[in-house]
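Got the model open in your viewer? Here is a walk through it, one selection at a time.

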Amino acid sequence: MEQHYGSFIDEIWHKFPTGLETKNTDLTDHNILWTLEEYQKANYVNFKTGKKELYRLSILLENYAVKHNTPLLATFETEARYKYVEDRYREILTKISKAWIIGNFNNPDLVVHPASAEVVSCDGTNISPMWIVVTKGENGPFGLVAEDIGDGQYRGFFTTNIDIMSSVIENINEQLRIKIKI
């Protein structure tokens, strides 16, 4: 079993140091609202940003999963953060083939979901402060990985790099002893 850093994202950047070295992209530039296709063309984008920008990117990824009926992985730092999107997620979960909802839940059984979704608690792991949304494209998993660093700010990245996203998923699988396949 691999030793885990205090920070989930630091583990990923330790394995893929060029990601850490990549200059941050300003996602708050209101003159530029990237489409999902633009994120995908960029392949890898580092950022330090607030909830509004991550929420928008999350919706782009969720809409992609619904449109293409592909699996979806989503993490939530708290039960309250899941409750905020619960109605939308109930609808999303009826339209996709498979989903994993991971959160810092005290009782994951209280999250209402269809049989095609697995709800797992990440309480006590370094996954707890993470905002992760991953789906599957033509070439494999892609999505956003961000860590809550306090004061409503997040640091992280969006990538279509299969090796990086596979490492994110493997890390979650190992820590939570589950089997996510995207």
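Start with helix H4, residues 51-68: at 1.5 Å a residue, these 18 residues should span 26 Å, and the end C-alpha atoms are 26 Å apart, so expectation and model agree. Keep in mind as you click around that this is a predicted model.

Stay on H4 and show its side chains. The buried ones belong to Glu53, Leu54, Leu57, Ser58, Leu61, Glu62, Tyr64 and Ala65. Just past the helix comes Asn69, with a positive phi near 45°. For context, most residues other than glycine have a negative phi.

**Thr49 and Glu53**

Now select Thr49, which sits in strand S1 (residues 44-50). Buried or exposed, by its relative accessible area? Buried: the value is 1%, and the cut-off for that label is under 20%, so Thr49 qualifies. Look for its partner as well: the side chain of Thr49 makes a polar contact with the side chain of Glu53, at 3.0 Å. Glu53 is one of the buried residues of H4 that you have just displayed.

**Zooming out**

Switch to cartoon and colour by secondary structure. You should find 6 helices and 7 strands. Going along the sequence, they come in the pattern α-α-α-β-α-β-α-β-β-β-β-β-α. The chain has 182 residues, of which 48% count as buried. If you like contact maps, take the contacts between residues at least 6 apart in sequence: 63% of them join residues at least 24 apart.

**The sheet**

Select the strands next. In what order do the 7 strands of the open sheet lie? The order is S1-S7-S6-S5-S2-S3-S4, and the pairing is mixed. S1 and S4 (117-121) are at the edges with a single partner strand each, so each has one side without a neighbour in the sheet. On average, neighbouring strands here are turned by 10° against each other, if you ignore direction.

For a closer look at one pair, pick S2 (residues 72-76) and S3 (residues 99-103). They run parallel and are joined by 5 bridges. Click on Leu73 and you will find its bridge partner in S3, Trp100.

Add helix H5 (residues 79-95) to the display. H5 packs on the sheet, where it touches S2, S3, S4, S6 (140-150) and S7 (153-159), and its direction makes about 165° with that of S2. Then bring in helix H6 (residues 162-176), which also packs on the sheet: H6 touches S1, S2, S3, S4, S5 (130-137), S6 and S7, with its direction at about 65° to that of S6.

**Two nonpolar cores**

Hide the cartoon for a moment and think about side chains. In soluble globular proteins, nonpolar side chains tend to be buried together. The largest nonpolar core in this model has 30 residues, and the members that touch the most others are Leu61, Tyr89, Ile101 and Leu144. Centre on Ile101 and list what surrounds it. Leaving out residues up to four places away in sequence, Ile101 touches Ala74, Phe76, Tyr82, Tyr89, Leu93, Glu118, Val119 and Val120. There is also a second, separate core of 25 residues; Leu73, Trp100, Val145 and Ile178 are among its members. You have met two of these already, as the bridge partners Leu73 and Trp100.

**Helix H1**

Jump to H1 (residues 8-15). Its buried residues are Phe8, Ile9, Glu11, Ile12 and Trp13. What do they pack against? H2 (17-21), S1, S5, S6, S7 and H6. Check the start of H1, too: there a side-chain oxygen of Ser7 reaches to within 3.4 Å of the backbone nitrogen of Ile9.

**Last stops: loops and chain ends**

Select Asn106 in the loop between S3 and S4. Asn106 is exposed, with a relative accessible area of 69%. Draw a C-alpha to C-alpha distance from Asn106 to Glu79: it comes to 7.9 Å, although the two are 27 residues apart in sequence.

Then try Asn43, in the loop between H3 (36-42) and S1. Its phi is positive, near 70°, and at 34% relative accessibility Asn43 counts as partly exposed.

Finish at Arg177, in the segment after H6. Arg177 has a positive phi as well, near 50°, and is exposed, with a relative accessible area of 65%.

How values were computed. Residues numbered from 1 in each chain as written. Predicted model: local features only at pLDDT ≥ 70, side-chain atom pairs only at ≥ 80, totals over all residues. Heavy atoms only, no water. Helix = DSSP H or I, 4+ residues; strand = E, 2+ residues; numbered from the N terminus. Buried < 20%, exposed > 50% of the residue type's maximum accessible area, 1.4 Å probe, protein only. Polar contact = N/O pair within 3.5 Å; in protein donor to acceptor, adjacent residues only side chain to side chain. Pairing = 2+ DSSP bridges. Axes fitted to C-alpha atoms, helices over the stretch in contact; angles between N-to-C directions. Contact = heavy atoms within 4.5 Å. Core = buried A, V, L, I, M, F, W, Y, C linked by side-chain atoms within 4.5 Å. Expected span 1.5 Å × (residues − 1).
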